Amino acid sequence: MIRAIVTDIEGTTGSIGFVHEVLFPYARERLSDFVRQRGNEPAFAEQLEAVRELAGEPEADRERVIAILEGWLDADRKATPLKALQGMIWETGYRRGDFTGHVYSDVVQHLAAWQAAGLALYVYSSGSIQAQKLLFGHSDVGDLTPLFAGYFDTTTGPKQEADSYRRIAAHLGLAGHEILFLSDALAELDAAAAAGFHTVQLARDSGMITGDHPVAASFDAVRFPDD
Ligand SMILES: CSCCC(=O)C(=O)COP(=O)(O)O
Ligand SMILES: [Mg+2]
């Protein structure tokens, strides 16, 4: 019996295009100025220090840290301090109304129905928890944060590792088989399945590579194992 649903964001609740063509460029265009102007603020300074540590360059000056971050952006590296900094930059964009968080039209009604049926809903994204709350709090259809019981990001571990899902299950106090994980990414689904989660792959694009997981073209087609 499924008691909780954990969902990915990019490619699952919202489009890859919104993340890669709106959010990522917005952060990239502002990253160097943010680091130069706000690098002394404790929240920023903490992340810049984490960049130095992760890069193995404890002496890196601010310009070097910017170069490291831009390299990680180019490689779409899901590095925790980069993700934290992106979230801080996106906060400005959401608050100014430069964009709203994309959510597919099929998503909200199903999340609401699952919540009404007693399921606890969680997000697990490489984007920071702050970024997740911003996206759903400033979505195309308004504030969706009341739908979610909690959020997980890379501070729980990488999404391609089974131990990350074991930590999530332990945090929720549930067995893996009581949790359904939704994602478009095979490596994430494989890791969740290895931790005993039920899985559904969202294949919103008919050309997507699919694996051994149940596949749904939208949330309309998500079926629970008991169905
Ligand atoms: C919270 S929106 C930004 C998502 C993001 O930064 C990213 O790298 C995509 O991560 P996901 O795990 O949702 O595929
Ligand atoms: Mg995804």
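In which sense do S1 and strand S2 (residues 120-124) pair, and over how many bridges? They run parallel, with four bridges between them. Keep in mind that this is a predicted model. Here's a quick tour of strand S1, the surroundings of ligand 1, and an aspartate with an unusual backbone angle.

**Strand S1 and its partners**
- S1 also pairs with strand S4 (residues 179-183), again in the parallel sense and over four bridges.
- Threonine 7 is a handy marker for both pairings: it sits opposite valine 123 in S2, and its bridge partner in S4 is leucine 182.
- Strand S1 (residues 4-7) is covered on both faces, with Ala4 and Val6 buried on one side and Ile5 and Thr7 buried on the other.
- That fits the usual pattern, since side chains in a regular strand alternate between the two faces of the sheet.

**Around ligand 1**
- The shell around ligand 1 counts 15 residues, and the nearest are Ile9, Glu10, Ser125, Ser126 and Gly127.
- By class, the shell splits into five nonpolar, five polar and five charged residues.
- Helix H1 (16-38), helix H4 (80-96) and helix H6 (129-137) each chip in at least two residues, and H6 gives the most, with three.
- Ligand 1 lies between domain 1 (4-14 + 100-221) and domain 2 (19-96), because both give residues to its shell.

**Aspartate 76**
- Aspartate 76 has a phi near 50°, a positive value in a residue other than glycine.
- You'll find aspartate 76 in the loop between helix H3 (62-74) and H4.
- Aspartate 76 counts as exposed because just 11 other C-beta atoms lie within 10 Å, and the cut-off for exposed is 12 or fewer.

Notes: Residues numbered from 1 in each chain as written. Chains lettered and ligands numbered in written order. Predicted model: local features only at pLDDT ≥ 70, side-chain atom pairs only at ≥ 80, totals over all residues. Near = placed C-beta within 6 Å. Nonpolar A, V, L, I, M, F, W, Y, C, P; charged D, E, K, R; others polar. Domains from an automatic or database assignment. Buried ≥ 20, exposed ≤ 12 C-beta atoms within 10 Å, placed from the backbone. Pairing = 2+ DSSP bridges.
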